[in-house]
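Please consider the model shown below. This report concerns one helix and the enclosed empty space in the structure.

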Amino acid sequence: MKPGTLIISLDFELYWGMRDIMTLDEYRGNLLGARKAIPAILELFHAYKIHATWATVGFLFCETKKELINSKPTIQPQYKNKNLSPYDHISESVGENESSDPFHFALSLINKILSYPNQQIGCHTLSHYYCLEEGQDIHSFKADIKSAINIAKKKGFNLGSIVFPRNQYNTEYLNLCGDLGIKSYRGNEASWLYKARRWDDVSIFQRLFRLVDAYFNISGYNTYPWKQLAEQFPINIPSSRFLRPYSRSLRFLNQFKLRRITSEMEYAAKHGLIYHLWWHPHNFGVNLDENIAFLAKILEKYSYLNEKYNFQSSNMEECADAVLLCKKGFDRVNYF
């Protein structure tokens, strides 16, 4: 039987992922802090031999504003909510390069990530594209993904996996990703709490229950058998848990959040299942020490499970390659 496996993916987006929610001044601390959080996370990953996928917004590969403008596809989403589109934002608010604008450019950080072993760069669309919002369609989505793949290739990166912004996706778009060479994606948890929806369609009730679920078991363990991953292409490597950042007001619940995550990991380790943890680097941008200390406790648990149950660490690409190898008929018994 294939041993249980910890998958970690990070949504690397900087301000491209927050510009329709908060002003730059409101989120400046998190964004600047992310540039300190990423090296700290990488050092922890290195210490515990963690493999991870960093799903990266394509615009972050650009080195200059001119290159960013030239990377824009000719077909762009026409969101009903105009605030969702980043394209007007580029001419108005983006600086000339990473030195003058650390919120919209990040090639130095991407190269930093790849300087560590077992780290992989994935796709988070070119523009932080929202696949379920009104006004976009498959033509603008295809143009966005092709542009993301092209800008990454120019910098020497091959994008084999995708994480959809706000976890919005549909079957038609998944098939297109497969046609463009993307082998895997991060799907959502099976519970109705996490069903892919438009941003405004996620009710306060759902958000509240998701919050409670982070501390207490409402939706189950959210672990997955390897066999399930082989049922479709691109391969769905579903999320198990969003690692919520440190909250001063909820710090009295930290022990429950840690137990929620580590008990799910242990269940996966004991039963040969997949456990997929994810977050954004900018989530660690404030309260960095507390967030890194919490992550260290999770990885200490991983180390224990690795020794006791041979619990493994894989990035999304390695996981997908293992499943595809099995589907070709190799080592079927050992994997499933």
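The sections below describe a helix and its surroundings, and then a cavity and its lining.

## Basis

The structure is a predicted model.

## Helix H5

Helix H5 spans residues 138-154 and contains 17 residues. From its first C-alpha to its last it reaches 24 Å, close to the 24 Å expected at 1.5 Å a residue.

At the N-terminal end, aspartate 137 acts as a cap for H5, with a side-chain oxygen 3.1 Å from the backbone nitrogen of histidine 139. Just after H5, glycine 156 adopts a positive phi of about 95°.

## Burial of H5

Several residues of H5 are buried, among them Phe141, Ile145, Ile149 and Ile151. Ser140, Asp144 and Ser147 of H5 are buried as well, as are Ala143, Ala148 and Ala152.

The cover over these buried residues includes three helices, H2 (65-70), H3 (87-93) and H6 (171-179). Strands S3 (119-123) and S4 (161-162) also belong to that cover.

## The cavity

Rolling a probe the size of a water molecule over the atoms reveals where empty space remains. The count comes to 1 cavity of 30 Å³ or more, and the largest cavity has a volume of about 50 Å³.

The lining of the largest cavity consists of Leu243, Arg244, Pro245, Tyr246, Asn254, Lys257, Phe284, Asn291, Phe294 and Leu295. Helix H9 (254-271) and helix H10 (288-309) are the elements that give two or more residues to this lining; H10 gives the most, with 3 residues. By class, the lining has 6 nonpolar, 2 polar and 2 charged residues.

Methods
Residues numbered from 1 in each chain as written. Predicted model: local features only at pLDDT ≥ 70, side-chain atom pairs only at ≥ 80, totals over all residues. Heavy atoms only, no water. 1 Å grid on protein atoms, 1.4 Å probe; cavity = no way out; pocket = protein on both sides within 12 Å on 5 of 7 lines; lining within 4 Å. Points joined across faces, edges and corners; volume = space filled by probe spheres on them. Helix = DSSP H or I, 4+ residues; strand = E, 2+ residues; numbered from the N terminus. Nonpolar A, V, L, I, M, F, W, Y, C, P; charged D, E, K, R; others polar. Expected span 1.5 Å × (residues − 1). Buried < 20%, exposed > 50% of the residue type's maximum accessible area, 1.4 Å probe, protein only. Contact = heavy atoms within 4.5 Å. Polar contact = N/O pair within 3.5 Å; in protein donor to acceptor, adjacent residues only side chain to side chain.
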